[in-house]
Amino acid sequence: MRTEKITAGPFSFESGFPSLIENIGEDPNPAKALANIEPEHREMVRGLLEKTGAVLLRGFDVLTIDQFEEVARSLLGELAAYKGGDAPRHAERGLVYNASGPDKTRAVRAHNELSYAPWHPATLVFGCSVVAEEGGATTIVDGHRVYTSLPSEVRDAFRERGVTYIQHLPHAAGDPSGIKSWPETFETDSKEDVIAHCQASYTSAKWTPLGLLTTNRTPGTVEVGADGRQAWFNQTHIWRKDPSTVPDVTDMERWESWIGYGATFGDGTEIPGHYMELVRETLETCEVAVEWEAGDVLLVDNRAAMHGRHPYSGDRQVFVAFA
Ligand SMILES: [Fe+2]
């Protein structure tokens, strides 16, 4: 549901999920005009993002990495590096990354970026320079809608007990498990630096013969927006192992001989399988597909909204930066 349009300067603002900001100005270089946005209009963009969790900027022709980086910095300030993440991702340049992922034939399930890690970005900015031949929508999911749609038993359990993520990363790249090695994950080969960083920021971290084993206890829901509404904020539906295929997922000694990811409740107990089924169904129901047009920019509040991607064909080019 969209509300009435408000216009200010070269912008038309329309609240929704995502909210829509369209270019109604006549600047021959709209990407430059967006990068030079007036402070009062920037505040309106940020206000809309805080209120609704996702904002699509359309008609500004943001097509090159240079333009994208300038617009991202102008709207969000300093950009951040993608460190500690499980996704294979390479920097296109500087702090602008490729968001298209390795396997275009598979959907990327909805998630909050780095919700399993001790640090996560507050905001994501995506930009599309080349649209896929078929498919390739970026999906967004309103975390507050997920929270209120779930049975109270499920959302209360996650709000009260939180989540513990378990990560056992191999020493070297190319592990048969397909799991990113610790040097790839942390972008360094220094064992000393990695263990110092992990012991300072994770709940636990240690070396094993196979690799680096960490646990991270975090909230399963978070308060977002000026109104402090509760939002779903975890990726247990992706990380939790089914006990029928991976036994003893809560046994930390067993983890030492097994490379992979897992998730339990914060206190280390098993998350019931039927909770996960309900979460998956709810995420599907709440998913909104953002069909790209070349030159679009999409802002996502990483705590208030989850994101994912539909499968696609062709040479889709979508950039992402973090702030
Ligand atoms: Fe992501």
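**A pocket and two helix crossings**

The second largest pocket has a volume of about 250 Å³ in this structure, which is a predicted model. Its lining is formed by A107, V108, R109, A110, T139, H237, R280, L283, E284, E287, R309 and H310. When these lining residues of the second largest pocket are sorted by class, five are charged, four are nonpolar and three are polar. At least two residues of the lining come from strand 7 (108-111), and at least two come from helix 10.

Helix 10 (residues 273-286) also takes part in a helix crossing, since its axis comes within 10 Å of that of helix 5 (residues 152-161), at an angle of roughly 105°. Helix 5 is therefore roughly perpendicular to helix 10, an angle of 65 to 115 degrees being counted as such. On the side of helix 5 the contact involves E153, V154, A157 and F158, and these meet Y275, M276, L278 and V279 of helix 10. Seven of the residues in the contact of helix 5 with helix 10 are nonpolar and one is charged, while none is polar.

A further crossing is found between helix 2 (residues 39-52) and helix 3 (residues 65-76), whose axes come within 9 Å and cross at roughly 85°. At this angle, helix 2 and helix 3 are likewise roughly perpendicular to each other. The contact brings R42, V45 and R46 of helix 2 against S74, L75 and L76 of helix 3, and by class the residues of this contact comprise three nonpolar, two charged and one polar.

Methods
Residues numbered from 1 in each chain as written. Predicted model: local features only at pLDDT ≥ 70, side-chain atom pairs only at ≥ 80, totals over all residues. Heavy atoms only, no water. Axes fitted to C-alpha atoms, helices over the stretch in contact; angles between N-to-C directions. Helix = DSSP H or I, 4+ residues; strand = E, 2+ residues; numbered from the N terminus. Parallel < 35°, antiparallel > 145°, perpendicular 65-115°, else oblique. Contact = heavy atoms within 4.5 Å. Nonpolar A, V, L, I, M, F, W, Y, C, P; charged D, E, K, R; others polar. 1 Å grid on protein atoms, 1.4 Å probe; cavity = no way out; pocket = protein on both sides within 12 Å on 5 of 7 lines; lining within 4 Å. Points joined across faces, edges and corners; volume = space filled by probe spheres on them.
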